[in-house]
Amino acid sequence: MVVNALWFLAGLAVLIAGAEVMVRGGAVVAARLGISPIIIGLTVVSIGTSMPELAVGVVSAADGSGALAVGNIAGTNVVNILLILGLSALLVPLALQLRTNRLELPMMAAAALLFWALAADGRLSRLDGAILVTAAVGYTAAVIWSARRESRSVAEEFAAEVATEYSTGPIPVEVEARRSTMIHVGMTVGGIIVVVIGADWLVDGAVGMARQFGVSDALIGLTVVAIGTSAPELVTTVMTTIRGDRDIAIGNLIGSSIYNILLILGVTCLVPAQGLELPSSLVTIDIPIMVGVALLCIPIFMTGRRVSRLEGGLMVSAYAGYLTFLLITQT
């Protein structure tokens, strides 16, 4: 038990560190290639913060633990919305950008419903994975198109935030710029390698703990692994809340939830030739709960384009109730 817990914690620490290095390196490389900060913030950062889920998903699927991979996606999205967004609003009432309600919010609900529809037969095939990845490409194209139409003030806000977080400011000396780019390419590649190693350790530890506790891989994915792989989003959101720069972090959090389903789950489904077999509890209980949480955001976010402290507190309480429900019904 202790050995498995240590492998899990070591894997989680390595996973988070690798994801942070990879996102920082990737953001700088993208900036050097002339990609605008707003597109970096909405795509590179959103996808980058989902890399722990991708690594866990691919490793789990390759090891035959598909339930852990799918449970991690469903659980992480519930964590993102109820716990992280709720906690952020509980600290300071949360104002939302118009673009969040216009694009990300409907897309998050649509992605969740698509996930539910594809999983309804108890299996996610490679064809299902291809459908999800295609939708991810379409969503990315929509994000880029929308970003290019944003107002100057929003673009400047993204530029300032991305430059502050990821040090993408211009370097005047050409040789120094070239050296910096190569360093950050190395950071990106090295971060990816570290993420994969950390995911392998984390999955081994998580599966070992599940076996010793006599619980399912899905439950471990929905709880311990989901909370662990959401740590980068949790830290980022809390820190930006304290600093008062929350609009971008919230948009990226919702964007990350969309990519978790469309891109991360899609790629995960492509790994095993036979697809991912899902336990009935995931199909009938956990995925519908995730869909319900995504749909719940629509009335909350659309009323005054803000989330109050009361609503944030209710969201955090709902997550505590969800965890309690899981532990009572699945242990």
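1. A residue is called buried at under 20% relative accessible area, exposed at over 50%, and partly exposed in between (1.4 Å probe, protein chains only). The model is predicted, with local features requiring pLDDT of at least 70 and side-chain atom pairs counted only at pLDDT 80 or more, while totals for chains, interfaces and linings use all residues. Numbering starts from 1 along each chain as its sequence is written, and side-chain values use heavy atoms, with hydrogens and water left out.

2. In the protein chain, 53% of the 331 residues are buried. The chain contains 13 helices and four strands (DSSP runs: H or I of at least four residues, E of at least two, numbered from the N terminus).

3. Helix H6 covers residues 126–148. Its 23 residues should span 33 Å at 1.5 Å a residue (1.5 Å times one less than the number of residues), and the end C-alpha atoms are 33 Å apart, which agrees. Among its buried residues are Leu132, Ala136, Tyr139, Thr140 and Val143.

4. Three aromatic pairs are present (ring centres of Phe, Tyr or Trp, the last by its six-membered ring, within 6.5 Å; planes under 30 degrees apart are stacked, over 60 edge-to-face, the rest tilted). Trp7 and Trp201 have ring centres 5.4 Å apart and planes at 65°, so this pair is edge-to-face. Because Trp7 belongs to helix H1 (residues 2–32) and Trp201 to helix H8 (residues 174–213), the pair ties together parts 194 residues apart in sequence. Trp7 is partly exposed at 40% relative accessible area, as is Trp201 at 29%.

5. Tyr319 and Tyr322 make a tilted pair, 6.0 Å centre to centre with 45° between the planes. Both residues lie in helix H13 (residues 309–329), three residues apart, and both are buried.
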